[in-house]
Amino acid sequence: MRNPIRFIFNRFIAYFFRGLLFIAPLGITVLILFSAFDFVDSLGRIQFESWTDPNKKIFIPGLGFLIVVGGTAFIGVLFTKILPITIQGWLEEKLSNLPLVKIFYTATKDLISAFLGEKKKFTTGVLVTINYHPVVKKMGFLTQENLDVFNLPDMVSVYCPHGYAISGQTFIVSKKDVEILDIPSTELMKMAISGGVSITETK
C-alpha cells in the first residue's frame, strides 16, 4: 500500500524543483539587472531636502540613472557631431601619454570597443586544439589574426571565456590549431559562459 505522506512529500519536492527551475533564472536575471541599474543610478544620485523634515535627505529613484545615461549620450553626440576629429585625437593622445593612465585607458577602451565599437572583436568563434593525445579543444574568439608585432607570423591570439564568470584567458596559438566555427558569436559566448550547458538545439 502506498504511503500517502511519502507520496505527498515526493510530489511537493517535484513541484518545488519545477518552480525553482522557473523562478531561479528569472530571479537571478532580475537581480543582475536591478544591481546594474542601482549602480548606474548611484553614480548620478542627487539628494534633496525633505519637505516635511529639513534634516532628512531624499532622492528620486531613477533620476541618477537618467542623468548618467543622458550625460553619456550627450558626450557621444559631442565627440561625434560637434568636436572636430583633431580635438578628439589630441585628447586621446594626451591621455595615452600619461603614466599608468594610458595602460588602463587604452585597455578599457579596446575592451569596450571589442564589444560595442565599429570594429568588434568577439565575432569569430573558434575551437582551439590545446592537446592532441588525447584531443582537447577550447572554445574561444579569434581576437588577432596578425601577430607580426611579436614576430609571430604563423600565430594568432584567441580569447577563451571562463564558465560562469566575466574573466577569461588569452592564448597565443598556431594558426593550424584554430578551427573557425560557423555559429553566431552570441551562441558561442552563451555556451562558453554556461560551461557548455546552454546550447541551442538544431532541428
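**Why these labels fit**

In its unreviewed UniProt entry, the annotation "transmembrane region" covers residues 12–37 and 57–79; such annotations may be inferred rather than shown by experiment. This is a predicted model, where local features need pLDDT of at least 70 and side-chain atom pairs count only at pLDDT 80 or more, while totals for chains, interfaces and linings use all residues. Residues are numbered from 1 along each chain as its sequence is written, and side-chain values use heavy atoms, with hydrogens and water left out.

Q: What makes lysine 176 and aspartate 177 a salt bridge?
A: A salt bridge needs a side-chain nitrogen of Lys or Arg within 4 Å of a carboxyl oxygen of Asp or Glu. Here the closest N and O atoms are 3.6 Å apart, so the pair fits the rule.

Q: Why is aspartate 177 called buried?
A: Buried means under 20% relative accessible area, exposed over 50%, and partly exposed in between (1.4 Å probe, protein chains only). Aspartate 177 comes in at 13%, so it's buried. Lysine 176, at 67%, is exposed.

Q: How far apart along helix H5 are glutamate 187 and lysine 190?
A: They're three residues apart, so about one helical turn separates them. A helix here is a DSSP run (H or I, at least four residues), a strand likewise (E, at least two), both numbered from the N terminus.

Q: How do you know that strands E3 and E4 pair?
A: Pairing takes at least two DSSP bridges between two strands. E3 and E4 have seven and run antiparallel, so they pair.
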